[in-house]
Each structure stands twice: as structure tokens, then as C-alpha cells.
Amino acid sequence: MGEGITGTSKADTSVFEIIEFTIVYPDKNGVLKKQYFGISVAKILSIIEIPQLTRLPNMHSSVYGVFRLRESIIPALDLSKNLYGIKNQGDKQKMIITDFNKIKLGLIVNEVKSIHHVRWSDIDTPDSLSDLEGEQSSFVGVLKFEDRNLLMLDLEKIIVDIDPTKAIANISNQEKIVNWNPIAVTADDSSTIRKMIAERLNKAGFTIKSFNDGEKAWNYLQELAAQTEQGMKLADLVNIVITDIEMPLLNGYALTERIKKDSRLSQIPVIIFSSIISPENMQKGIAAGADAQLTKPQIGELLETISALITNN
């Protein structure tokens, strides 16, 4: 599916790159199984041989030690242990170093296979697989090939699992940020992030409607748009949209662009809230029509931006 895409432009926000890799672990019957995974290239710093690890006290059971890379001290996580509770059984091992949300993590994996250029519409949701082993919430999407399925990891969840202090930052003032009850639509493929955003916004006085991909959020917004044609006021239905960038089926750029091109919805402020806000991605967000773009996990800044946008809208 992913291998067949050719002739795409760097400016095409519907296309992205993923690294395919494997881990080997025994299934519930003790038979060694090879599982295929994918991570967005945008979240990868480098791929290296397994470095010398230093064990520290009170480490998470799936973290086998730390190592130094340039000026950073990075934890090394056995992905098989984290996902399935069993140490990686493969002979060949590599380390994929991820870098997102200003956090670096080394993932111990087996073979690193190849890079695929894929479209967001190629990525299905995890509930499309009936035989998925491991906790489903650890995966945010599935890329299906004829001979294998690539599971897209929820890196945000993995980070919070091994170090809860890395969750979206708490804010000191949990009071309502406005004197009414605004309605927010959120779209994020990470169940961990969706829950965290909902908890913070609920405390700030918001009603939340959350979706795990951009397509579901868009379909819901279309339902609201249809209600405005029946006389409902848009401001009584939705006041802000907060979207991630990387999501199955429809990414955050495409969702933002659709909202801004729909005359019934275009006045809704849209915030892109993502772990991969870079200068290049910032330009993509501007082109899509985003009203603001913020880097996870700064929830305080997000609330300030929401307050300003809905007050001025």
C-alpha cells in the first residue's frame, strides 16, 4: 500500500514518512512471533547500535538503563517488554532514538526494515484489527500490507507509562478561564493525550467532544454545520477546535484546511497542538489556516491561547 506512492511533493501535507521495524517476542502459546511497527520519521533523531547502558535505581521495569548521546542522558526502553511484558527475543537488535515533546527516548527493537512514503488515508484505526495483541491503547494506527500489518506506536503513552511526570504539564490555576461554558472539539490519535486535554479543559469550564482521528472530527463538524442550516447558531454548537497533526485517515492540516474552506465553519478558531511543531511544519499550519500552533505538552499556554481566541471571536 505505502510502497506504491510516487511523485509526491514535500508540500503535500497528506503524505508523510514512516520507519518500519520489528520486534520478536513469544506469543501466549510460547511461539516466537515477529511483529511489525512504524514510527513517523518526524519523531526520530537517529538509529544506532545498542550502546553501553548504565542501570539506575528505581527505573521502570521496561527501561534497561540510560546512555549518553552528546549532551543528553537518554533512557533505553525494551519495546517488547513495555508492550507485551516479555524481553525482546531477537538476535539482531538496534536502537531507535525518538525526539518529540522535547523528550528523547531510545527504543530497543530488532530489524529496522525500510522507510515508507504513505498517505494519512492509508492509516487505519487500531480497532480495525480483531486479533491485536497487547494493549490496544498503545497503538494509534495500522498500516496494512498484503503480508503484514504495521502498528503505529502511541509514543506519548509510552513516555507517560515509564515516567508520569512527563505528562501534559499541570497548571496551578484550575479555575474556569471564562465565565461561560464553551464547547471544544479535539482530535488526537493518542488516547493518553485526549484524556489529559479533556481533564484540563473540563476543569477550565469546557464541554469536550473528543475524536481519535481527523475524519471522525470532520464528520462531526459537518453534522454541526448542517444544524446551522436549520437555524442553530454555530457559537452554541462549537467554539474552538484543537487538533494534533499526525492522525489516521485525515491529518490535522487537512482537517484545518477543510474547516477554513467551509463557509459554515470557517469562523471557528483552530489550534494545532502537536509534538512536531517545527519551522517547516509551522508554515504548513499557516497555509492550512490555523489560528494558532503550539507544541505539546504546554497546557498552560494552550489554555491562554484558547481564552484569547474565543474571547476575540
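Q: How much of the contact network in this protein, counting contacts with a separation of 6 or more, comes from residues 24 or more positions apart?
A: In this predicted model, residues 24 or more positions apart account for 64% of the contacts in the protein that have a separation of 6 or more. The chain that makes these contacts has seven helices and 16 strands, and buried residues make up 53% of its 313 residues.

Q: Which residues touch the most other members of the largest nonpolar core?
A: The general idea is that in soluble globular proteins nonpolar side chains tend to be buried together. Here the largest nonpolar core has 28 residues, and those touching the most other members are Phe21, Phe37, Leu77, Leu79, Tyr84, Leu107 and Leu153. Looking at Phe21 and leaving out residues up to four places away in sequence, we find that Phe21 touches, among others, Phe37, Leu79 and Leu153, and that its partners also include Ile39, Ile96, Val109 and Lys113.

Q: How should I read the angle at which helix 4 and helix 5 cross?
A: An angle under 35 degrees counts as roughly parallel. The axes of helix 4 (residues 214-228) and helix 5 (residues 252-261) come within 9 Å and cross at roughly 15 degrees, and therefore these two helices are roughly parallel to each other. Their crossing is right-handed. On the side of helix 4, Gly214, Ala217, Trp218 and Leu221 take part, and they meet Leu255, Arg258 and Ile259 in helix 5; by class, the residues of this contact are five nonpolar, one polar and one charged.

Q: At what angle does helix 5 pack with helix 6?
A: Helix 5 packs with helix 6 (residues 279-288) at about 25 degrees, and the axes are 8 Å apart, which makes helix 5 roughly parallel to helix 6. In this contact, Tyr253, Thr256, Glu257 and Lys260 of helix 5 meet Asn281, Lys284, Gly285 and Ala288 of helix 6, a set with two nonpolar, three polar and three charged residues.

Q: Is Thr256 buried or exposed?
A: A residue counts as buried when its relative accessible area is under 20%. Thr256, which has its place in helix 5, has a relative accessible area of 0%, so Thr256 is buried. Apart from neighbours within four places in sequence, Thr256 is in contact with Thr243, Val270, Ile272, Ala288, Gly289 and Ala290.

Q: Where does Glu246 lie, and which residues is Glu246 in contact with?
A: Glu246 lies in the loop between strand 14 (240-243) and helix 5, and with a relative accessible area of 8% this residue is buried. Setting aside neighbours within four places in sequence, its contacts are with Phe16, Ser40, Ala42, Lys43, Trp120, Asp189 and Ile276. It also helps to compare sequence with space: Glu246 and Ser14 are 232 residues apart in sequence, while their C-alpha atoms are 9.9 Å apart.

Q: What is the sign of phi at Asn58 and at Arg70?
A: As a general idea, most residues other than glycine have a negative phi. Asn58, although not a glycine, has a positive phi of about 60 degrees, and phi of Arg70 is also positive, near 55 degrees. Asn58 is placed in the loop between strand 3 (44-48) and strand 4 (63-69), whereas Arg70 is found in the loop between strand 4 and strand 5 (72-78). Asn58 counts as exposed because its relative accessibility is 82%, and Arg70, at 60% relative accessibility, counts as exposed too.

Definitions and conventions. Residues are numbered from 1 along each chain as its sequence is written. This is a predicted model: local features need pLDDT of at least 70, side-chain atom pairs count only at pLDDT 80 or more; totals for chains, interfaces and linings use all residues. Side-chain values use heavy atoms; hydrogens and water are left out. A nonpolar core is a set of buried Ala, Val, Leu, Ile, Met, Phe, Trp, Tyr and Cys residues joined through side-chain atoms within 4.5 Å. Buried means under 20% relative accessible area, exposed over 50%, partly exposed in between (1.4 Å probe, protein chains only). Contact means heavy atoms within 4.5 Å. Axes are lines fitted to C-alpha atoms, for helices over the stretch in contact, and angles run from 0 to 180 degrees between N-to-C directions. Helices (H or I, at least four residues) and strands (E, at least two) are DSSP runs, numbered from the N terminus. Angles under 35 degrees count as roughly parallel, over 145 as roughly antiparallel, 65 to 115 as roughly perpendicular and the rest as oblique. A crossing is left-handed if the near helix is turned anticlockwise from the far one by less than a right angle, and right-handed if clockwise. Ala, Val, Leu, Ile, Met, Phe, Trp, Tyr, Cys and Pro count as nonpolar, Asp, Glu, Lys and Arg as charged, and the others, Gly among them, as polar.
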